Amino acid sequence: MGFRFAQGLVLLQAIACVVEVSLANKGWDSHTYPYNHSSAPKRFTVGGSQHWQFGLNYTDWSLKTAPFYFNDTLVFKYDPPSNTTFPHGVSLLPNLRSFLNCDLKKAKLIANQTQGGGNGFEFVLKKKNKKKPYYFVCGERNGFHCKVGIMKFAVAPLLRPRPF
């Protein structure tokens with residue numbers, strides 16, 4: 001158990017480093033950051049043009065897309081199940097351990113198999129969850145999409161900087 005906890009800490013440190021590098025690569029410097037941000041919340045389609053699908057690395061997508069701020073909206077788009085598509089949904093996991101292991105025992109389904117169609121399912125990053133990250137996963141096929149299809153990512157929203 002201690003080894004898995006240590007793995008989680010290493011993962012969090014790695015994510016923090018990647019976010020830091022990712023922010024540096026966006027051309028922000030100490031003279032312009034945080035003044036180059038609009039104070040208006042933004043909308044992000046999860047996965048970009050590839051949407052919410054099996055096999056796309058969503059942790060990588062979220063790190064490249066970061067930062068996310070409170071009141072930003074994540075839009076999950078996926079096709080409803082059919083003879084040619086696998087069903088997907090969106091669930092929230094309660095903690096890092098569940099996230100790392102794709103343990104769905106305490107998962108909360110927030111979007112079912114049909115809610116991602118059309119304009120997609122929208123999730124607003126609210127301030128009430130201020131002290132812990134959101135852990136998003138596809139829980140379909142008893143966690144197979146999360147474990148093997150890497151359909152999971154974490155978001156720790158930030159307070160939006162206020163421009164002068």
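Modeller: A nonpolar core is a set of buried Ala, Val, Leu, Ile, Met, Phe, Trp, Tyr and Cys residues joined through side-chain atoms within 4.5 Å. The structure discussed here is a predicted model.

Biologist: Which residues have the most contacts inside the largest nonpolar core?

Modeller: The largest nonpolar core comprises 24 residues. At least two of its residues come from each of helix H2 (58-65), E2, strand E3 (90-93), E4, E5, strand E6 (134-137) and strand E7 (152-155). The residues with the most contacts inside this core are Trp52, Leu74, Phe76, Phe123, Phe136 and Phe153.

Biologist: How many residues make up the other core, the one with Leu93 and Phe99?

Modeller: That core lies apart from the largest one. Among its members are Leu93, Phe99, Cys102 and Val137. The number of residues in this other core is seven.

Biologist: Which residues of strand E5 does Leu74 touch, leaving aside residues up to four places away in sequence?

Modeller: Strand E5 covers residues 121-124. With residues up to four places away in sequence set aside, the partners of Leu74 include Phe44, Val46, Phe68, Phe136, Phe153 and Val155. In the range of E5, Leu74 touches Phe121, Glu122 and Phe123.

Biologist: Which side chains of strand E5 are buried?

Modeller: Side chains alternate along E5 between two faces. Glu122 and Val124 point to one face and are not buried. The side chains that point to the other face, and are buried, are Phe121 and Phe123.

Biologist: Which residue of E5 is the bridge partner of Val75?

Modeller: Strand E2 (residues 73-76) and E5 run antiparallel and are joined by four bridges. One of the bridge pairs is Thr73 with Val124. For Val75, the bridge partner in E5 is Glu122.

Biologist: Which strands are at the edges of the open sheet?

Modeller: The sheet consists of three strands in the order E1-E2-E5, with mixed pairing. Its neighbouring strands are turned by 25 degrees against each other on average, direction ignored. Two strands pair on one side only, and these edge strands are E1 (43-45) and E5.

Biologist: Which cysteine is joined to Cys102 by a disulfide?

Modeller: The structure holds one disulfide. It links distant parts of the chain, 44 residues apart, with Cys102 in the loop between helix H3 (96-101) and strand E4 (108-111) and the other cysteine in helix H4. The link is left-handed, at -75 degrees about the S-S bond. At an S to S distance of 2.1 Å, the partner of Cys102 is Cys146.

Biologist: How far from Cys138 is the nearest cysteine sulfur?

Modeller: A disulfide requires two cysteine sulfur atoms within 2.5 Å. Cys138 is buried, because its relative accessible area of 0% is under 20%, yet Cys138 is in no disulfide. The nearest cysteine sulfur belongs to Cys146, and its distance is 8.3 Å.

Biologist: Is His145 buried or exposed?

Modeller: His145 is found in helix H4 (residues 144-147). Beyond its neighbours within four places in sequence, His145 is in contact with residues including Phe54, Phe86, Pro87, Cys138 and Met151. Buried means under 20% relative accessible area; His145 has 1%, so the residue counts as buried.

Biologist: Which residue offers the backbone oxygen that the side chain of Thr65 reaches?

Modeller: Thr65 has its place in helix H2. At 19% relative accessibility, Thr65 counts as buried, because the cut-off is under 20%. The side chain of Thr65 reaches, at 2.7 Å, the backbone oxygen of Trp61.

Note on methods:
Residues numbered from 1 in each chain as written. Predicted model: local features only at pLDDT ≥ 70, side-chain atom pairs only at ≥ 80, totals over all residues. Heavy atoms only, no water. Buried < 20%, exposed > 50% of the residue type's maximum accessible area, 1.4 Å probe, protein only. Contact = heavy atoms within 4.5 Å. Pairing = 2+ DSSP bridges. Axes fitted to C-alpha atoms, helices over the stretch in contact; angles between N-to-C directions. Polar contact = N/O pair within 3.5 Å; in protein donor to acceptor, adjacent residues only side chain to side chain.
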